[in-house]
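User: I should like a close look at one part of this model, followed by a connected account of how that part relates to the rest.

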Amino acid sequence: MGTMTDTTTDPPHGASPWELDLWSHLTSHVEAERGLLEKYSAVAEQSESKAFSYLVNLLIEDEVRHHRMFTELAKSLKTEAEMRRENPIIPYMDFVHADRAAVLDATKQLLASEGQDARELKRLQRELRDVKDTTLWSLLVDLMQRDTQKHIAILRFVRKHAGRKSVL
Ligand SMILES: [Fe+2]
Ligand SMILES: [Fe+2]
């Protein structure tokens, strides 16, 4: 990867000590994740077990996303610290400037769907009880249950913050 030409690896100019500290934390994590990702890829390619490779590939999907998120955090911090007149990659919390009622309404509907999804996954998990030690299926449903909890956490965050009156 062309780190030499990658200006995003330079620390932000005029950053506060807190920002510099966070910057080095974020960028060192990006590096660590990259190393982990290479390790995972090698393991997935070398294994003779299709099941193991399949599962490691699921981890790789997550790690690729983590890598992207950390990079976006670092870039946004840089945009912020350098007080550039551009929108950061991770947007500002603009819920209160948007149509709050529309945001809250959509959030409410999505939360209801996720709740229903959670109940269905729970039922499916019960149906898979007999094969939970002989197939990967139950594990996959377990992962989707965890994802559903994550989706609910995201939507609750939106509900909490879009529901607030502007403090600006
Ligand atoms: Fe990670
Ligand atoms: Fe979901």
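User: In which hand, left-handed or right-handed, does α1 pass α2? Please set the answer beside the other helix pair and selected single residues.

Analyst: The crossing in which α1 passes α2 is left-handed; a crossing is given this hand if the near helix is turned anticlockwise from the far one by less than a right angle, and is right-handed if clockwise. The model is a predicted one, in which local features need pLDDT of at least 70, side-chain atom pairs count only at pLDDT 80 or more, and totals for chains, interfaces and linings use all residues. Residues are numbered from 1 along each chain as its sequence is written, while chains are lettered from A and ligands numbered from 1 in the order in which they are written. Helices are DSSP runs of H or I with at least four residues, strands are runs of E with at least two, and both are numbered from the N terminus.

Two packed helices are described by the angle between their axes and the distance between the axes. Helix α1 covers residues 17–46 and helix α2 residues 50–81; their axes lie 9 Å apart and the packing angle is about 160°. Axes here are lines fitted to C-alpha atoms, for helices over the stretch in contact, and angles run from 0 to 180 degrees between N-to-C directions. The angle therefore makes α1 roughly antiparallel to α2, since angles over 145 degrees count as roughly antiparallel, under 35 as roughly parallel, 65 to 115 as roughly perpendicular and the rest as oblique. The contact of α1 with α2 comprises 18 nonpolar, 8 polar and 4 charged residues. In this scheme Ala, Val, Leu, Ile, Met, Phe, Trp, Tyr, Cys and Pro are nonpolar, Asp, Glu, Lys and Arg are charged, and the others, Gly among them, are polar. Residues are in contact if their C-beta atoms, placed from the backbone, lie within 7 Å.

Within this pair, Arg 65 belongs to helix α2. Arg 65 is exposed because 10 other C-beta atoms lie within 10 Å; the class requires 12 or fewer, buried requires 20 or more, and partly exposed lies in between, with C-beta atoms placed from the backbone. Its C-alpha atom is separated by 14 Å from that of Gly 35, 30 residues apart along the chain.

The loop between α2 and α3 contains Met 83. Met 83 has a positive phi of about 50° although it is not a glycine. Most residues other than glycine have a negative phi. Met 83 counts as exposed, because it has 9 C-beta neighbours inside 10 Å.

The other pair consists of helix α3 (residues 100–127) and α4, whose axes come within 9 Å and cross at roughly 160°. These two helices are therefore roughly antiparallel to each other, and their crossing is left-handed. Among the residues making the contact are Val 103, Leu 104, Leu 111 and Leu 121 of α3, with Val 141, Met 144, Ile 152 and Leu 155 of α4. By class, the residues of this contact divide into 13 nonpolar, 6 polar and 4 charged.

Asp 105 lies in helix α3 and counts as exposed, because it has 12 C-beta neighbours inside 10 Å. Helix α4 spans residues 137–162 and includes Arg 146, which is exposed because 11 other C-beta atoms lie within 10 Å. Ala 153 is also found in helix α4; the C-alpha atoms of Ala 153 and Leu 111 are 9.5 Å apart, and the two residues are 42 apart in sequence.

Turning to the whole chain, a domain assignment, automatic or from a database, divides it into domain 1 (12–81) and domain 2 (95–162). The centres of domain 1 and domain 2, taken over C-alpha atoms, are separated by 25 Å.

Conventions: Two residues are in contact if their C-beta atoms, placed from the backbone, lie within 7 Å.
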